[in-house]
Amino acid sequence: MSVTVKNVGEAGRGLVALKDIKVGELIVRDTAVIAIPANLDVWEAGEEIVKQLKKMSCTEKEKFYNLTRKEGINQLCDDLMEDASGDTKTHSKAQKIIKNWKEISIFFNNDIATDDSFRCLFLYFSLLN
């Protein structure tokens, strides 16, 4: 690979060239480790994210859990639980989000929407986020 991700001070992480890069040279290639249909609701997405996480190697899982998290997932859980009051369907959805809140918050903070209506997480690209 011609580049690496490094901490570049106050700006955070950045892509740094390891050698001179020629015009048109491919500098980064990554494969999605999680891909879910874009139309899944957050509670359905959480279940699918966890299912795909189980298939990852230990190294990939470690990299996934070290990614940044989206703020507000806990508030969403609290709001759904409050709205559930007697509605078992809403309560069930809130419970699914609570169960998978960490995975949901990591995925939705680092995913990329694709042209074929999927939301994908690429571990290397996520470091550039």
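Select leucine 67 and show what surrounds it: leucine 67 touches Ile106, Asn110, Leu121, Leu123, Ser126 and Leu127, leaving out residues up to four places away in sequence. Contact here means heavy atoms within 4.5 Å. The model is predicted, so local features need pLDDT of at least 70 and side-chain atom pairs count only at pLDDT 80 or more, while totals for chains, interfaces and linings use all residues. Residues are numbered from 1 along each chain as its sequence is written, and side-chain values use heavy atoms, with hydrogens and water left out.

Leucine 67 lies in the loop between α2 (58–65) and α3. Helices (H or I, at least four residues) and strands (E, at least two) are DSSP runs, numbered from the N terminus. Leucine 67 counts as buried because its relative accessibility is 6%. Buried means under 20% relative accessible area, exposed over 50%, and partly exposed in between, with a 1.4 Å probe and protein chains only.

Next, select helix α5, residues 101–110. Seven of its 10 residues are buried, so α5 is largely enclosed by the rest of the structure. The buried ones are Glu103, Ile104, Ser105, Ile106, Phe107, Phe108 and Asn110. Pick out serine 105 in this helix; at 1% relative accessibility, serine 105 counts as buried. Apart from neighbours within four places in sequence, serine 105 is in contact with Thr68, Arg69, Lys70 and Ile73.

Ile73 leads on to the next pair of helices. Select α3 (residues 73–84) and α4 (residues 88–99), which pack at an angle of about 160° with their axes 8 Å apart. That makes α3 roughly antiparallel to α4. Axes are lines fitted to C-alpha atoms, for helices over the stretch in contact, and angles run from 0 to 180 degrees between N-to-C directions. Angles under 35 degrees count as roughly parallel, over 145 as roughly antiparallel, 65 to 115 as roughly perpendicular and the rest as oblique.

Which residues of α3 and α4 meet? On the α3 side they are Ile73, Leu76, Cys77, Leu80, Met81 and Ala84; on the α4 side, Thr90, His91, Ala94, Gln95, Ile97 and Ile98. By class, this contact has nine nonpolar, three polar and no charged residues.

Now select the strands. Three of them form an open sheet in the order β3-β5-β4, with antiparallel pairing. β3 (32–37) and β4 (112–113) stand at the edges with a single partner strand each, so one side of each has no neighbour in the sheet. Two strands pair if DSSP finds at least two bridges between them.

Five bridges join β3 to β5. At one place along this pairing, proline 37 stands opposite phenylalanine 118 in β5. On the other side, β4 and β5 (residues 118–122) pair over two bridges. Isoleucine 112 has cysteine 120 in β5 as its bridge partner. Measure from isoleucine 112 back to the starting point: leucine 67 and isoleucine 112 are 45 residues apart in sequence and 14 Å apart in space, C-alpha to C-alpha.

Finish at the turn. β4 and β5 form a hairpin with four residues between them. Select serine 117, in the loop between β4 and β5. Its phi is near 65°, a positive value in a residue other than glycine.

Key: Ala, Val, Leu, Ile, Met, Phe, Trp, Tyr, Cys and Pro count as nonpolar, Asp, Glu, Lys and Arg as charged, and the others, Gly among them, as polar.
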